[in-house]
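This report covers the contacts between a protein and its two DNA strands. Please view the model first.

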Amino acid sequence: MQTEIVIPAGKPYDFISTLRSHGWVSLLPNTPDENLSAFSRVERLSSGLVASLEVSAGPGKEPRIFINARIRKRLSKNEISEITKRVSYMLRLDENLQPFYAICKKRGGPWIRFSAGSGYLLRSPAVFEDLVKVICTINIQWGGTKRMVRELVEAFGSPFPPDASLRAFPTPKEIAAVSEKEFNRRVKLGYRSGYVYELSSRIARGELDIGVFMEQAASTEEIKKRLLAVKGVGKYAAASMLMLLGRYDQIPVDTVFRAFMKAKYFQNEDYDEGKALSKYDEWGKWKYLAYWNEMLTHYSQKVEKL
DNA sequence: GTCCAGGTCGCGC
DNA sequence: GCGCGACATGGA
């Protein structure tokens, strides 16, 4: 059965730019179409039902988002609402980047191109998935990240009944259902394996509530502290997670940041990390977006790699 | 074969 | 608080 769900973006929104904002659209269960202008994804609803979602957008500055949901039965109101919420979260339809655009406009020059509707970075519908995916970007090349995420989905994700080769992202329970030894045998995550398994087990046992990372009222410093308490999450991963949680005031310092800063700002002097970071001080709570968009522009938007 | 990747941990000072 | 080696895995 198919159900079409329509969500008005409700604000200037550039759907294509969201998909191309970084590599997340290429990590399973996300599957981009060949033009990178829409994507599909298998999603396991809280009822345990597994659906396949095709997400695309209509024309216009404030487009409507279309979700074509395939599932065995007719969708209930609750299920439609759940799907709507998850896709809205992925696309960040609830975020407001107007203050960022305003600063860009004021600065002028190349920043003018960041106009209303662009700059939203795709994320996963659930924080657990983003945490695992960020851990899978640590000390590994992008191809390795894709491989590890694929192995996780194929080994532990719930299958989509009409086509069991399509699977959802695993839940913590699905991972914690096997022993750590078995986990290590089924997916080759290198030394990240223990991090992912421990995280999954703690959540599955109820020792860690993933909601603690989403508390809107908590300060960014507080959320950062909670993230750093997760084994496997250091400064880089915490800053990346904060971005995925909609807090843009920290920059993940990694080989990408360093290489870009050296190429753009330190061609004629020795690289200095403090100096590099301070380039974005004036952006306040929008540092990440300033850095990321400048970096994308510098490399002329190489989509697949980042 | 060798190097190292969108780093992090645990140790010793 | 800072420096440093170890760490799994596979691609370059």
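A backbone N or O atom of Lys-235 sits 3.4 Å from a phosphate oxygen of DNA strand B. This is a polar contact (a pair of N or O atoms within 3.5 Å). The model is predicted: local features need pLDDT of at least 70, side-chain atom pairs count only at pLDDT 80 or more, and totals for chains, interfaces and linings use all residues. Residues are numbered from 1 along each chain as its sequence is written, chains are lettered from A and ligands numbered from 1 in the order written, and side-chain values use heavy atoms, without hydrogens or water.

The polar contacts with strands B and C are these.

| Residue atom | DNA atom | Distance |
|---|---|---|
| Trp-142, backbone N or O | strand B, phosphate oxygen | 3.4 Å |
| Thr-255, polar backbone atom | strand B, phosphate oxygen | 2.9 Å |
| Asn-139, side-chain N or O | strand C, base nitrogen | 3.5 Å |
| Tyr-191, polar backbone atom | strand C, sugar or linking oxygen | 2.9 Å |

A residue is near a strand if one of its heavy atoms lies within 4 Å of it. DNA strand B has 22 residues around it; Tyr-191, Gly-232, Gly-234, Ala-237 and Thr-255 come nearest. Sugar and phosphate make up 63% of the strand B atoms within 4 Å of the protein. Helix 10 (235–244) gives the surface near strand B at least two residues, as do helix 11 (255–265) and helix 13 (287–298). Helix 10 gives the most, with three residues. Helices here are DSSP runs of H or I, at least four residues, numbered from the N terminus.

Around DNA strand C are Asn-139, Ile-140, Arg-147, Lys-188, Gly-190, Tyr-191 and Arg-192. Sugar or phosphate holds 57% of the strand C atoms within 4 Å of the protein; bases hold the rest.

Key: A polar contact is a pair of N or O atoms within 3.5 Å; within protein, one must be able to donate a hydrogen and the other to accept it, and residues adjacent in sequence count only if both atoms are side-chain atoms.
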